[in-house]
Structures are given as structure tokens and as C-alpha cells.
Amino acid sequence: MHTFLKNIKKVLLSDNWYTLNKFSFEYLREDGIWEKQEREVYDCGDAAAILLYNKQKQTVILTKQFRMPVYQNETEPGDGMMIEVCAGLLDGDTPEVCIKKEAIEETGYKIDLVSKVFESFMVPGTVMQKVHFFVGEYKEKDRISAGGGADYETENIEVLEVSLKEAISWVQNGKIKDGKTIMLLQHAQIQNLV
Ligand SMILES: Nc1nc2c(ncn2[C@@H]2O[C@H](COP(=O)(O)OP(=O)(O)O[C@H]3O[C@H](CO)[C@@H](O)[C@H](O)[C@@H]3O)[C@@H](O)[C@H]2O)c(=O)[nH]1
Ligand SMILES: [Mg+2]
């Protein structure tokens with residue numbers, strides 16, 4: 001039980017697809033004063049992400065898809081397309097089961113061995129989501145379908161295979177702007193995965 005929090009109240013603002021709640025609470029400051037605060041918290045469920053890499057070819061698998069929030073935040077007219085590692089919501093699965101399913105759905109690769117590398121809150125001030133990060137080695141023989149995302153999810157995902165070197169250059173020149181993707185590519189670089 002937190003001694004610096006009291007009177008936590010929750011009001012539902014939206015539960016259309018995911019859930020947005022407004023929390024009111026009192027927070028005990030360093031100076032001993034109880035301060036009233038309000039925070040909106042978006043609950044879109046936990047997620048998992050994976051960097052698929054091939055040691056021999058020194059390549060990685062990335063996805064390209066349209067993202068409406070990105071499109072809405074483009075200052076110059078853009079197309080809202082994002083290059084990202086494979087990722088998806090847990091939907092009741094364990095992170096490991098989820099990410100293996102997502103890898104098949106989005107990229108077409110069936111990966112039996114994945115390693116968890118870290119966990120991260122990507123937007124801790126507003127979004128509840130915790131992301132579980134994985135890496136996994138892929139071989140050409142592991143490709144069992146074209147990928148592209150599940151039809152029922154209207155994902156329209158393009159699958160890219162590029163050298164890690166090129167992917168890192170895309171981080172540097174701004175072609176890759178997705179946080180989870182930057183984290184995993186830098187991890188691959190630091191750990192000499194390829
Ligand atoms: N109808 C409807 N469908 C939605 C909505 N939001 C999401 N969906 C559906 O839910 C699917 C979610 O796809 P996933 O592959 O499971 O998740 P993701 O969007 O790739 O990734 C999630 O986790 C990432 C972290 O790994 C996050 O970066 C990302 O924002 C998102 O939360 C979408 O493709 C889409 O079909 C919505 O508001 N309305
Ligand atoms: Mg996804």
C-alpha cells in the first residue's frame with residue numbers, strides 16, 4: 001500500500017476499442033502537503049516486439065505499415081507509413097507465445113527459439129502498456145508464408161529484409177522513427193548479434 005497516495009478515483013471516459021480512464025487522486029509531496037491530481041490513463045493492453053535477425057546474412061526483418069497517429073502528427077504532408085520491428089498485443093497470450101504468433105502473422109517466419117531481452121513502458125505518463133522485447137534468429141527455411149498481417153486485422157503489412165547496417169543508417173537519417181525498433185536495432189548493434 002502506497003503511503004504517498006490516497007483517495008484514488010476512476011472515471012471511465014471511453015471504452016470504444018481500448019479503455020481510457022480519468023484518475024483523480026491525492027499525492028503526498030516532499031513538503032508534506034497532499035496535492036490533488038488528475039491523470040488520464042489509456043489502457044490498450046500489454047504488447048510484445050521482436051527483432052528477427054540472420055547472423056550469416058547480417059540482415060534483419062522489418063515491417064512497414066500505415067499508422068494513423070503518426071499520419072496525424074506529420075507536419076509536412078506525409079504518408080503515415082512506419083518501419084517497425086514485428087510487434088503485437090498479447091491478447092491473453094504469454095509474451096513468448098504472442099510474439100511467435102505475431103512473427104508468423106506479420107512476417108511469415110516461424111521462429112522456435114526467441115530470447116527475451118528487456119521490458120519497457122514506452123509512454124509511462126499516459127499509456128499503461130508494457131512492452132516485452134525479444135530477439136530471434138531466422139533462417140530462410142523458417143519462412144512458411146508471405147506474412148503481411150492477419151486479414152481480419154486489416155493490417156496490410158509489407159515485409160522488408162535489410163542489412164542491420166542499413167537499418168541503423170535509417171535510424172540515423174530519420175527513416176526509422178519508431179521507439180521499439182530503435183531500441184532493438186541498437187541492442188543488436190551493442191550485442192553484435194550479426
Ligand atoms: N476497429 C479497430 N481496430 C483497432 C483499433 N486499434 C487497433 N485495432 C486493431 O488491432 C490490431 C492491433 O495489431 P497488433 O499487431 O496486435 O498491435 P500493433 O498495433 O502492431 O502494436 C501494438 O503494440 C506496439 C508495441 O509493441 C505498440 O507500439 C503499438 O502502439 C500497439 O499498441 C490492428 O491491426 C487493428 O486491426 C481501433 O481503434 N479500432
Ligand atoms: Mg503489429
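This is a short walk through a predicted model, from a sheet of strands to a ligand shell and two unusual backbone angles.

Let us begin with the sheet. It is an open one, built from three strands that run in the order β1-β2-β3 with antiparallel pairing. At its edges sit β1, covering residues 5-14, and β3, covering residues 34-43, and each of these has a pairing partner on one side only. If you look at how neighbouring strands of this sheet are set against each other, the turn is 20° on average, ignoring direction.

Now follow the chain from β2 into β3. Strand β2 spans residues 19-28 and pairs with β3 in the antiparallel sense through ten bridges. To find one of the bridges, look for Ser 24, whose partner in β3 is Glu 38. The hairpin of β2 and β3 has five residues between the strands, and there Gly 32 takes a positive phi near 90°. How many of the ten residues of β3 are buried? The count is zero, so to speak of β3 as hardly covered is fair, given that a residue needs 20 or more other C-beta atoms within 10 Å of its own to be buried.

Next, turn to ligand 1. It is surrounded by 13 residues, and the closest are Trp 17, Ala 47, Ala 87, Gly 88 and Glu 153. Two elements give two or more residues to this shell: β4 (47-54) and β7 (86-89). Which of the elements gives the most? That is β7, with three residues. Sorted by class, the shell holds seven nonpolar, three polar and three charged residues.

A record adds a label to part of the chain. In an unreviewed entry, UniProt places the short sequence motif "Nudix box" at residues 88-109. In the model, this span is 59% helix and 9% strand, and its end C-alpha atoms lie 15 Å apart.

Finally, a look at the backbone. Most residues other than glycine have a negative phi. Asn 7 has a positive phi of about 55°, although it is not a glycine. You will find Asn 7 in strand β1. Is Asn 7 buried or exposed? Asn 7 is exposed, because 9 other C-beta atoms lie within 10 Å, and a residue with 12 or fewer counts as exposed. Another positive value belongs to Asn 192, where phi is near 50°. Asn 192 is found in the segment after α4 (179-190). With 8 other C-beta atoms within 10 Å, Asn 192 is exposed too.

Note on methods. Residues are numbered from 1 along each chain as its sequence is written. Chains are lettered from A and ligands numbered from 1 in the order in which they are written. This is a predicted model: local features need pLDDT of at least 70, side-chain atom pairs count only at pLDDT 80 or more; totals for chains, interfaces and linings use all residues. Two strands pair if DSSP finds at least two bridges between them. Helices (H or I, at least four residues) and strands (E, at least two) are DSSP runs, numbered from the N terminus. Axes are lines fitted to C-alpha atoms, for helices over the stretch in contact, and angles run from 0 to 180 degrees between N-to-C directions. UniProt positions are given in the numbering used here, feature names are shortened, and annotations may be inferred rather than shown by experiment. A residue is near a molecule or strand if its C-beta atom, placed from the backbone, lies within 6 Å of it. Ala, Val, Leu, Ile, Met, Phe, Trp, Tyr, Cys and Pro count as nonpolar, Asp, Glu, Lys and Arg as charged, and the others, Gly among them, as polar.
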